[in-house]
Amino acid sequence: MRWILRGLMAIVGVVTLAVYLAGAYFVYLFARSVWALRPSLSTLALYLAVATVVFAFVSYQVGTAQILRDLQVWQLPEGRAQALYRRLDAYSDRMGIERPDVLVAEMGQPNALALGGGLGAGHVVVDRRLFGLLTLDELSAICAHELAHIERKDSLVQTFGYSVLQTLSGVVVLVLAPVLVVGAGVARGVAWIRGRPEAWSRTIPGRVQRAVAGSVSLAFFALTLALLAHSRRREFAADDRAAEVTGDPLALARALRKIERASNSPWSLLSPLYVNGEEEGPLTRMLSTHPATDERVQRLVERSEAERRVRIPQGRP
(Lines give C-alpha, C1' and ligand atoms only; values in the text may rest on other atoms or scores of the structure.)
Protein backbone atom coordinates (compact mmCIF):
# COMPACT_ATOMS: atom_id res chain seq x y z
CA MET A 1 0.00 0.00 0.00
CA ARG A 2 2.85 2.32 0.83
CA TRP A 3 4.50 1.75 -2.52
CA ILE A 4 1.23 2.40 -4.31
CA LEU A 5 0.89 5.72 -2.49
CA ARG A 6 4.48 6.66 -3.36
CA GLY A 7 3.84 5.73 -6.96
CA LEU A 8 0.74 7.92 -7.11
CA MET A 9 2.66 10.79 -5.54
CA ALA A 10 5.42 10.35 -8.09
CA ILE A 11 2.87 10.44 -10.91
CA VAL A 12 1.37 13.65 -9.46
CA GLY A 13 4.86 15.12 -9.27
CA VAL A 14 5.68 14.22 -12.88
CA VAL A 15 2.36 15.65 -14.08
CA THR A 16 2.97 18.83 -12.04
CA LEU A 17 6.44 19.20 -13.54
CA ALA A 18 5.08 18.61 -17.04
CA VAL A 19 2.33 21.20 -16.61
CA TYR A 20 4.63 23.86 -15.23
CA LEU A 21 7.38 23.17 -17.78
CA ALA A 22 4.83 23.34 -20.60
CA GLY A 23 3.54 26.58 -19.16
CA ALA A 24 7.09 27.88 -18.92
CA TYR A 25 7.69 26.98 -22.56
CA PHE A 26 4.57 28.82 -23.73
CA VAL A 27 5.54 31.81 -21.60
CA TYR A 28 8.96 31.69 -23.24
CA LEU A 29 7.40 31.66 -26.72
CA PHE A 30 5.12 34.55 -25.81
CA ALA A 31 7.96 36.55 -24.27
CA ARG A 32 10.15 35.93 -27.31
CA SER A 33 7.42 37.15 -29.69
CA VAL A 34 6.85 40.25 -27.54
CA TRP A 35 10.59 40.86 -27.32
CA ALA A 36 10.85 40.70 -31.11
CA LEU A 37 8.25 43.48 -31.38
CA ARG A 38 9.66 45.51 -28.52
CA PRO A 39 10.26 49.24 -28.89
CA SER A 40 13.67 50.63 -28.12
CA LEU A 41 14.65 50.78 -24.47
CA SER A 42 14.50 54.58 -24.49
CA THR A 43 11.00 54.54 -26.03
CA LEU A 44 9.80 52.00 -23.48
CA ALA A 45 11.25 54.06 -20.63
CA LEU A 46 9.50 57.14 -22.04
CA TYR A 47 6.16 55.31 -22.17
CA LEU A 48 6.55 54.18 -18.57
CA ALA A 49 7.55 57.66 -17.41
CA VAL A 50 4.59 59.31 -19.13
CA ALA A 51 2.18 56.70 -17.77
CA THR A 52 3.59 57.17 -14.26
CA VAL A 53 3.26 60.97 -14.42
CA VAL A 54 -0.30 60.83 -15.79
CA PHE A 55 -1.37 58.23 -13.22
CA ALA A 56 0.19 60.22 -10.36
CA PHE A 57 -1.41 63.50 -11.43
CA VAL A 58 -4.84 61.94 -11.87
CA SER A 59 -4.54 60.19 -8.49
CA TYR A 60 -3.50 63.47 -6.89
CA GLN A 61 -6.42 65.44 -8.33
CA VAL A 62 -9.01 62.74 -7.69
CA GLY A 63 -7.68 62.07 -4.18
CA THR A 64 -7.79 65.75 -3.25
CA ALA A 65 -11.36 66.11 -4.46
CA GLN A 66 -12.40 62.92 -2.65
CA ILE A 67 -10.93 64.06 0.68
CA LEU A 68 -12.72 67.40 0.42
CA ARG A 69 -16.00 65.62 -0.27
CA ASP A 70 -15.50 63.18 2.58
CA LEU A 71 -14.69 65.96 5.05
CA GLN A 72 -17.69 68.05 3.96
CA VAL A 73 -15.71 71.26 4.34
CA TRP A 74 -17.02 74.80 4.35
CA GLN A 75 -15.05 77.93 3.64
CA LEU A 76 -14.12 80.25 6.50
CA PRO A 77 -15.43 83.76 5.65
CA GLU A 78 -12.77 86.46 5.80
CA GLY A 79 -15.10 88.66 7.81
CA ARG A 80 -15.07 86.15 10.67
CA ALA A 81 -11.28 85.74 10.78
CA GLN A 82 -9.78 88.97 9.52
CA ALA A 83 -6.66 88.78 11.71
CA LEU A 84 -5.91 85.22 10.60
CA TYR A 85 -6.37 86.07 6.94
CA ARG A 86 -4.08 89.10 7.24
CA ARG A 87 -1.36 86.88 8.62
CA LEU A 88 -1.89 84.28 5.92
CA ASP A 89 -1.62 87.03 3.30
CA ALA A 90 1.73 88.07 4.79
CA TYR A 91 3.02 84.47 5.00
CA SER A 92 1.93 83.71 1.43
CA ASP A 93 3.70 86.83 0.16
CA ARG A 94 6.91 85.78 1.92
CA MET A 95 6.66 82.29 0.43
CA GLY A 96 5.80 83.58 -3.02
CA ILE A 97 2.60 81.57 -3.34
CA GLU A 98 -1.05 82.40 -3.85
CA ARG A 99 -2.91 82.45 -0.57
CA PRO A 100 -4.91 79.23 -0.25
CA ASP A 101 -8.49 78.93 0.86
CA VAL A 102 -9.09 78.24 4.54
CA LEU A 103 -11.64 75.48 4.91
CA VAL A 104 -13.24 74.22 8.12
CA ALA A 105 -14.22 70.60 8.76
CA GLU A 106 -15.15 68.12 11.47
CA MET A 107 -12.17 65.75 11.40
CA GLY A 108 -12.89 63.69 14.47
CA GLN A 109 -10.00 65.24 16.39
CA PRO A 110 -8.14 68.58 16.37
CA ASN A 111 -5.92 68.68 13.32
CA ALA A 112 -5.08 70.51 10.10
CA LEU A 113 -3.90 69.54 6.65
CA ALA A 114 -2.89 71.04 3.32
CA LEU A 115 -4.53 69.85 0.12
CA GLY A 116 -3.83 70.73 -3.46
CA GLY A 117 -1.27 73.29 -4.43
CA GLY A 118 0.07 71.35 -7.40
CA LEU A 119 -1.90 73.67 -9.67
CA GLY A 120 -3.65 76.68 -8.21
CA ALA A 121 -3.76 78.04 -4.70
CA GLY A 122 -4.51 74.88 -2.74
CA HIS A 123 -6.47 74.56 0.50
CA VAL A 124 -5.71 74.63 4.21
CA VAL A 125 -8.27 72.50 6.05
CA VAL A 126 -8.65 73.18 9.77
CA ASP A 127 -10.65 71.20 12.27
CA ARG A 128 -13.34 73.39 13.85
CA ARG A 129 -12.09 72.72 17.38
CA LEU A 130 -8.74 74.35 16.72
CA PHE A 131 -10.39 77.77 16.84
CA GLY A 132 -11.27 77.25 20.48
CA LEU A 133 -8.17 75.30 21.39
CA LEU A 134 -5.43 77.56 20.03
CA THR A 135 -4.58 81.23 20.33
CA LEU A 136 -4.29 83.37 17.20
CA ASP A 137 -0.49 83.03 17.22
CA GLU A 138 -0.69 79.26 17.56
CA LEU A 139 -3.37 78.85 14.90
CA SER A 140 -1.39 81.10 12.57
CA ALA A 141 1.70 78.94 13.13
CA ILE A 142 -0.23 75.78 12.31
CA CYS A 143 -1.53 77.37 9.12
CA ALA A 144 2.01 78.53 8.25
CA HIS A 145 3.14 74.90 8.58
CA GLU A 146 0.47 73.89 6.07
CA LEU A 147 1.43 76.77 3.77
CA ALA A 148 4.98 75.41 3.79
CA HIS A 149 3.67 72.08 2.50
CA ILE A 150 1.82 73.90 -0.28
CA GLU A 151 4.90 75.99 -1.10
CA ARG A 152 7.01 72.83 -1.51
CA LYS A 153 4.17 70.93 -3.24
CA ASP A 154 4.73 68.14 -0.74
CA SER A 155 1.46 66.33 -1.39
CA LEU A 156 2.14 66.21 -5.12
CA VAL A 157 5.73 65.06 -4.58
CA GLN A 158 4.58 62.32 -2.20
CA THR A 159 1.96 61.14 -4.69
CA PHE A 160 4.56 61.00 -7.44
CA GLY A 161 6.92 59.07 -5.18
CA TYR A 162 4.36 56.38 -4.45
CA SER A 163 3.34 56.29 -8.11
CA VAL A 164 6.95 55.61 -9.13
CA LEU A 165 7.15 52.86 -6.52
CA GLN A 166 3.96 51.28 -7.86
CA THR A 167 5.30 51.43 -11.42
CA LEU A 168 8.55 49.78 -10.39
CA SER A 169 6.62 47.11 -8.50
CA GLY A 170 4.48 46.39 -11.54
CA VAL A 171 7.48 46.09 -13.86
CA VAL A 172 9.35 43.79 -11.49
CA VAL A 173 6.29 41.59 -10.92
CA LEU A 174 5.70 41.40 -14.69
CA VAL A 175 9.30 40.33 -15.32
CA LEU A 176 9.75 37.95 -12.39
CA ALA A 177 6.26 36.44 -12.07
CA PRO A 178 6.83 33.73 -14.71
CA VAL A 179 10.16 32.80 -13.11
CA LEU A 180 8.67 32.65 -9.62
CA VAL A 181 5.63 30.65 -10.73
CA VAL A 182 7.74 28.14 -12.66
CA GLY A 183 10.18 27.87 -9.74
CA ALA A 184 7.33 27.14 -7.35
CA GLY A 185 5.87 24.59 -9.76
CA VAL A 186 9.17 22.75 -10.21
CA ALA A 187 9.71 22.75 -6.44
CA ARG A 188 6.26 21.26 -5.85
CA GLY A 189 6.74 18.66 -8.58
CA VAL A 190 10.09 17.56 -7.16
CA ALA A 191 8.61 17.40 -3.66
CA TRP A 192 5.75 15.17 -4.87
CA ILE A 193 8.17 12.87 -6.66
CA ARG A 194 10.18 12.54 -3.46
CA GLY A 195 7.02 11.71 -1.55
CA ARG A 196 7.17 14.83 0.65
CA PRO A 197 4.81 17.38 -0.94
CA GLU A 198 4.72 19.48 2.24
CA ALA A 199 8.50 20.07 2.01
CA TRP A 200 8.45 21.75 -1.41
CA SER A 201 9.85 25.01 0.01
CA ARG A 202 12.94 23.16 1.26
CA THR A 203 13.91 21.84 -2.16
CA ILE A 204 16.58 23.68 -4.15
CA PRO A 205 14.04 25.21 -6.62
CA GLY A 206 11.83 26.15 -3.66
CA ARG A 207 14.69 27.83 -1.85
CA VAL A 208 15.67 29.75 -4.98
CA GLN A 209 12.06 30.85 -5.46
CA ARG A 210 11.78 31.99 -1.86
CA ALA A 211 15.13 33.77 -2.02
CA VAL A 212 14.16 35.71 -5.15
CA ALA A 213 10.72 36.62 -3.77
CA GLY A 214 12.23 37.62 -0.42
CA SER A 215 14.91 39.77 -2.07
CA VAL A 216 12.33 41.61 -4.16
CA SER A 217 10.09 42.15 -1.13
CA LEU A 218 13.04 43.40 0.91
CA ALA A 219 14.07 45.81 -1.83
CA PHE A 220 10.60 47.34 -2.06
CA PHE A 221 10.30 47.47 1.72
CA ALA A 222 13.56 49.45 1.78
CA LEU A 223 12.20 51.83 -0.87
CA THR A 224 9.02 52.28 1.17
CA LEU A 225 11.08 53.08 4.27
CA ALA A 226 13.01 55.64 2.23
CA LEU A 227 9.75 57.33 1.18
CA LEU A 228 8.54 57.37 4.78
CA ALA A 229 11.85 58.86 5.95
CA HIS A 230 11.52 61.55 3.29
CA SER A 231 8.01 62.27 4.53
CA ARG A 232 9.33 62.79 8.07
CA ARG A 233 12.01 65.14 6.76
CA ARG A 234 9.27 67.11 4.99
CA GLU A 235 7.57 67.65 8.33
CA PHE A 236 10.73 69.02 9.89
CA ALA A 237 11.24 71.27 6.88
CA ALA A 238 7.67 72.56 7.13
CA ASP A 239 8.17 73.25 10.86
CA ASP A 240 11.35 75.20 10.10
CA ARG A 241 9.68 77.18 7.34
CA ALA A 242 6.71 78.02 9.55
CA ALA A 243 9.05 79.18 12.33
CA GLU A 244 10.92 81.31 9.80
CA VAL A 245 7.92 83.12 8.32
CA THR A 246 6.12 83.61 11.65
CA GLY A 247 9.25 84.51 13.61
CA ASP A 248 7.81 82.55 16.56
CA PRO A 249 8.93 78.90 16.79
CA LEU A 250 7.42 78.55 20.26
CA ALA A 251 3.92 79.30 18.94
CA LEU A 252 4.09 76.24 16.72
CA ALA A 253 5.57 74.17 19.56
CA ARG A 254 2.73 75.18 21.88
CA ALA A 255 0.16 74.39 19.20
CA LEU A 256 1.60 70.93 18.59
CA ARG A 257 1.61 70.18 22.29
CA LYS A 258 -1.98 71.38 22.77
CA ILE A 259 -3.18 69.28 19.84
CA GLU A 260 -1.34 66.29 21.25
CA ARG A 261 -3.09 66.64 24.60
CA ALA A 262 -6.49 67.15 23.00
CA SER A 263 -6.22 64.16 20.67
CA ASN A 264 -8.15 61.12 21.77
CA SER A 265 -6.60 58.74 19.22
CA PRO A 266 -2.98 58.13 18.22
CA TRP A 267 -3.95 58.11 14.56
CA SER A 268 -5.23 61.02 12.53
CA LEU A 269 -6.51 61.58 9.04
CA LEU A 270 -3.68 61.48 6.48
CA SER A 271 -2.53 64.91 7.51
CA PRO A 272 0.72 66.83 7.09
CA LEU A 273 0.27 68.00 10.68
CA TYR A 274 -0.25 64.62 12.42
CA VAL A 275 0.30 64.62 16.17
CA ASN A 276 0.68 61.41 18.14
CA GLY A 277 0.18 61.48 21.85
CA GLU A 278 1.21 57.85 22.51
CA GLU A 279 4.70 56.55 23.16
CA GLU A 280 6.10 55.02 19.98
CA GLY A 281 8.66 52.27 19.53
CA PRO A 282 11.50 52.29 16.99
CA LEU A 283 9.57 50.21 14.43
CA THR A 284 6.50 52.41 14.75
CA ARG A 285 8.62 55.50 14.17
CA MET A 286 10.23 53.90 11.09
CA LEU A 287 6.83 53.14 9.61
CA SER A 288 5.37 56.56 10.44
CA THR A 289 4.98 59.37 7.95
CA HIS A 290 5.49 61.92 10.73
CA PRO A 291 8.10 62.44 13.45
CA ALA A 292 7.26 62.16 17.12
CA THR A 293 5.75 65.30 18.63
CA ASP A 294 8.44 65.45 21.32
CA GLU A 295 11.15 65.59 18.67
CA ARG A 296 9.39 68.33 16.73
CA VAL A 297 8.75 70.41 19.83
CA GLN A 298 12.36 70.01 20.99
CA ARG A 299 13.67 71.22 17.62
CA LEU A 300 11.42 74.28 17.75
CA VAL A 301 12.44 75.12 21.32
CA GLU A 302 16.12 74.79 20.41
CA ARG A 303 15.59 77.04 17.40
CA SER A 304 13.89 79.66 19.58
CA GLU A 305 16.76 79.57 22.10
CA ALA A 306 19.35 79.86 19.33
CA GLU A 307 17.56 82.86 17.83
CA ARG A 308 17.32 84.49 21.24
CA ARG A 309 21.08 84.07 21.82
CA VAL A 310 21.76 85.70 18.48
CA ARG A 311 19.50 88.66 19.24
CA ILE A 312 20.90 89.39 22.71
CA PRO A 313 24.40 90.55 21.61
CA GLN A 314 22.87 92.73 18.92
CA GLY A 315 20.89 94.66 21.54
CA ARG A 316 23.96 95.56 23.61
CA PRO A 317 25.58 99.01 23.26
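In which helix is the place of serine 304? I looked this up before anything else, and I found serine 304 in helix α10, which covers residues 293-314.

**Entry 1: serine 304 and helix α8**

I noted at the outset that I am reading a predicted model, and I kept that in mind for each entry below. Serine 304 has a relative accessibility of 15%, and because buried means under 20%, I count serine 304 as buried. Leaving aside residues up to four places away in sequence, I found that serine 304 touches Pro249 and Leu250.

Pro249 led me to helix α8, which is made of residues 249-262. I checked the length of α8: at 1.5 Å a residue its 14 residues should span 20 Å, and its end C-alpha atoms are 20 Å apart, so the expectation and the model agree. I then listed the buried residues of α8, which are Pro249, Ala251, Leu252, Ala253, Ala255, Leu256, Ile259 and Glu260.

**Entry 2: the whole chain**

I stepped back to the protein as a whole, where I counted 10 helices and 4 strands. Read from the N terminus on, the elements run α-α-β-α-β-β-β-α-α-α-α-α-α-α. Of the 317 residues in the protein, 35% are buried. I also looked at contacts between residues at least 6 apart in sequence, and 69% of these join residues at least 24 apart.

**Entry 3: confidence**

Where is confidence lowest and where is it highest? I found the lowest mean, 64, in helix α9 (residues 282-286), and the highest, 95, in α5. For the protein the mean pLDDT is 81, and 84% of its residues reach 70 or more.

I marked two stretches for caution. Over residues 265-272 pLDDT stays under 50, and for this stretch the model has 25 contacts beyond four places in sequence. Over residues 274-279 pLDDT likewise stays under 50, and here the model has 18 contacts beyond four places in sequence.

**Entry 4: helix α5**

I turned next to α5, which holds residues 136-151. Its 16 residues, at 1.5 Å each, should span 22 Å, and I noted that its end C-alpha atoms are 22 Å apart, which agrees. How many of the 16 residues of α5 are buried? I recorded 13, and α5 is thus mostly covered.

Isoleucine 150 is found in this helix, and with a relative accessible area of 4% it falls under the 20% limit and is therefore buried. When I set aside residues up to four places away in sequence, I found isoleucine 150 touching Ile97, Pro100, Ala114, Gly116, Gly117, Ala121, His123 and Val124. I looked at proline 100 in particular: it stands 50 residues from isoleucine 150 along the chain, and the C-alpha atoms of the two are separated by 8.6 Å.

**Entry 5: α3 against α5**

I then followed helix α3 (residues 82-95), whose axis comes within 10 Å of the axis of α5 and crosses it at roughly 35 degrees. The crossing in which α3 passes α5 is right-handed. On the α3 side I listed Ala83, Leu84, Arg87, Leu88, Tyr91, Ser92 and Met95, which meet Leu136, Asp137, Leu139, Ser140, Cys143, Ala144, Leu147, Ala148 and Glu151 in α5. The residues of this contact divide into 11 nonpolar, 2 polar and 3 charged.

**Entry 6: two positive phi values**

Which loop holds lysine 153? I found lysine 153 in the loop between α5 and α6, just after α5. Its phi is near 55 degrees, a positive value in a residue other than glycine. Its relative accessibility is 36%, and because this lies between the 20% and 50% limits, I count lysine 153 as partly exposed.

Glutamine 72, in the loop between α2 (41-71) and β1 (74-75), also gave me a phi near 55 degrees, positive in a residue other than glycine. Glutamine 72 has a relative accessible area of 63%, which is over 50%, so I count it as exposed.

**Entry 7: serine 163**

Last, I looked into helix α6 (residues 154-193), where serine 163 lies. Is serine 163 buried or exposed? At 2% relative accessibility I count serine 163 as buried. Not counting residues up to four places away in sequence, I found that serine 163 touches Thr52, Phe55 and Ala56.

Conventions. Residues are numbered from 1 along each chain as its sequence is written. This is a predicted model: local features need pLDDT of at least 70, side-chain atom pairs count only at pLDDT 80 or more; totals for chains, interfaces and linings use all residues. Side-chain values use heavy atoms; hydrogens and water are left out. The expected span of a helix is 1.5 Å times one less than its number of residues. Buried means under 20% relative accessible area, exposed over 50%, partly exposed in between (1.4 Å probe, protein chains only). Axes are lines fitted to C-alpha atoms, for helices over the stretch in contact, and angles run from 0 to 180 degrees between N-to-C directions. A crossing is left-handed if the near helix is turned anticlockwise from the far one by less than a right angle, and right-handed if clockwise. Contact means heavy atoms within 4.5 Å. Ala, Val, Leu, Ile, Met, Phe, Trp, Tyr, Cys and Pro count as nonpolar, Asp, Glu, Lys and Arg as charged, and the others, Gly among them, as polar. pLDDT is the predictor's confidence in each residue, from 0 to 100.
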